[in-house]
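Colleague: I am new to this structure and would like a close look at a single part, set in the context of what surrounds it. Please go slowly and explain how the pieces fit together.

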Amino acid sequence: MTQVLRTRAAGAVLTAAIVGLTLATAYIHLGLGGLLFTLNGLGYAGLAGLIVVGAAAPMPIIQRFSWFPRVALAGYTAMTIAGYLVMGPYFSLGFIAKGIEVGILTLLAVDVVRVYGSPMGLVRAAVASVAPFLPLPQRVRALAA
Amino acid sequence: MKPIRFSLIALALVMTLAACGSTSADGGSTVDPADADATVTAADMAFAPGTVTVASAGEAFSVALVNEDSMPHNIAIYTDSSKSEKLFEGEMVTGGTIVYDIPALEAGEYFFECSLHPNMTGTLIIEG
């Protein structure tokens with residue numbers, strides 16, 4: 001299963017699915033009107049763009065920080081779901097949007113396992129990418145390496 | 001086996017989308033919009049009129065919501081603008097009209113808003 005996930009085709013399908021779901025929830029939020037929903041929709045659209053750039057751009061500097069769009073989208077999606085659970089309103093389109101967002105989180109989790117092996121692998125990659133710019137203790141640098 | 005599974009998933013998806021696109025009969029009313037006790041229009045992210053008066057204290061009444069915006073709106077009624085007590089929350093409607101059957105309220109002033117857009121507010125006056 002992991003071998004299948006590691007293929008280039010699986011990566012492309014997974015990325016396309018994540019981007020598709022992200023654009024779907026962006027579209028729903030942009031259609032709701034009001035400042036909060038519009039900003040939320042624009043945020044999703046921007047993060048979908050970052051995911052595409054992170055997956056498609058061949059530059060080493062972008063590859064090095066490819067963990068960032070995944071973490072940003074996961075955090076943003078989790079915050080949106082939490083905000084909805086607190087504030088509502090609870091109606092059919094809202095529940096569909098939350099279902100899509102749970103799908104985004106699930107696919108991101110699969111993507112993290114595919115690319116980094118585990119959540120800890122992502123943390124290591126993130127620390128390694130920023131370590132040269134930060135005054136981190138040697139022990140942390142060793143962990144990242 | 002796989003085509004059957006795919007068909008079932010596709011059917012479930014289509015049914016879900018169909019359910020989203022239609023207004024449920026459960027939340028609607030049999031009252032004709034023209035016969036509703038009051039009519040509120042949602043246009044350009046605002047309710048008009050801002051103050052709605054209904055002469056039906058202690059009796060159930062109906063309010064028609066005409067949504068002229070492209071986004072969903074509804075009417076939720078509270079005791080006052082602090083929104084500490086919700087008395088009624090209507091189903092969302094997108095680009096159409098819905099009539100709400102609202103349970104009896106005592107005479108007085110009430111606050112209403114769109115649940116999705118809290119800046120859309122109004123006052124409901126129930127007269128005896």
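**A close look at one sheet and its surroundings**

Modeller: In this predicted model, a good place to begin is Glu109(B), which touches Thr123(B) and Ile125(B) when residues up to four places away in sequence are not counted. Glu109(B) lies in strand E8 of chain B, which covers residues 108-113, and the C-alpha atoms of Glu109(B) and Ile125(B) are separated by 4.6 Å although the two residues are 16 apart along the chain. Is Glu109(B) buried or exposed? Because Glu109(B) has 12 C-beta neighbours inside 10 Å, and 12 or fewer is the condition for the label, Glu109(B) counts as exposed.

From this one residue we can step back to the chain that holds it. Chain B has one helix and nine strands, and along the sequence the helix comes before the strands, in the pattern α-β-β-β-β-β-β-β-β-β. Of the 128 residues in chain B, 27% are buried. Among the contacts in chain B with a separation of 6 or more, 64% are between residues 24 or more positions apart.

The part that deserves the close look is an open sheet of four strands in chain B, whose order is E2-E1-E4-E7 and whose pairing is mixed. Strand E2 and strand E7 (97-102) stand at the edges of this sheet, and each has a single partner strand, so one side of each is left without a neighbour in the sheet. On average, neighbouring strands of the sheet are turned by 25 degrees against each other, with direction ignored.

Let us cross the sheet from E2(B). Strand E2, residues 46-48 of chain B, is joined to E1(B) by three bridges, and these two strands run antiparallel. One of the bridged pairs is Ala43(B) with Ala46(B), the latter in E2(B). The two strands form a hairpin with two residues between them, and in its turn Asp44(B) has a positive phi of about 50 degrees.

The next pairing has the parallel sense: strand E1 (residues 38-43) and strand E4 (residues 61-67), both of chain B, are paired over five bridges. Here Ala42(B) has Asn67(B), in E4(B), as its bridge partner. Beyond that, E4(B) is joined to E7(B) by six bridges, and the two strands run antiparallel; within this pairing, Ser62(B) is bridged to Asp101(B) in E7(B). As background to these pairings, strands of a sheet pair through backbone hydrogen bonds, either parallel or antiparallel.

Chain B also meets chain A, through a contact that takes ten residues from chain B and ten residues from chain A. On the side of chain B that touches chain A, seven residues are nonpolar, two are polar and one is charged.

On the chain A side of the model, two helices can be described in some detail. Helix H5 of chain A runs over residues 67-87, and its 21 residues should span 30 Å at 1.5 Å a residue, which agrees with the 30 Å between its end C-alpha atoms. Its buried residues include Trp67(A), Pro69(A), Arg70(A), Leu73(A) and Thr77(A), and what covers the buried residues of H5(A) includes helix H2 (8-31), helix H3 (35-56), helix H6 (92-116) and helix H7 (119-130) of chain A. Just after H5(A) comes Gly88(A), with a positive phi of about 70 degrees.

Helix H6(A) has 25 residues and reaches 36 Å from its first C-alpha to its last, close to the 36 Å expected at 1.5 Å a residue. Among its buried residues are Ile100(A), Glu101(A), Ile104(A) and Asp111(A), and the buried residues of H6(A) pack against H2, H5 and H7 of chain A. Gly117(A), whose phi is positive and near 90 degrees, follows H6(A).

A last point concerns confidence. The model scores ipTM 0.74 and pTM 0.80. Chain A has a mean pLDDT of 92, with 93% of its residues at 70 or more; within chain A, confidence is highest in H5(A), at 97, and lowest in helix H8 (residues 138-144), at a mean of 66. Chain B has a mean pLDDT of 84, with 76% of its residues reaching 70 or more. Over residues 13-26 of chain B the pLDDT stays under 50, and for these residues the model has nine contacts beyond four places in sequence.

Conventions: Residues numbered from 1 in each chain as written. Chains lettered and ligands numbered in written order. Predicted model: local features only at pLDDT ≥ 70, side-chain atom pairs only at ≥ 80, totals over all residues. Contact = placed C-beta atoms within 7 Å. Nonpolar A, V, L, I, M, F, W, Y, C, P; charged D, E, K, R; others polar. Pairing = 2+ DSSP bridges. Buried ≥ 20, exposed ≤ 12 C-beta atoms within 10 Å, placed from the backbone. pLDDT = per-residue confidence, 0-100. Expected span 1.5 Å × (residues − 1). Axes fitted to C-alpha atoms, helices over the stretch in contact; angles between N-to-C directions.
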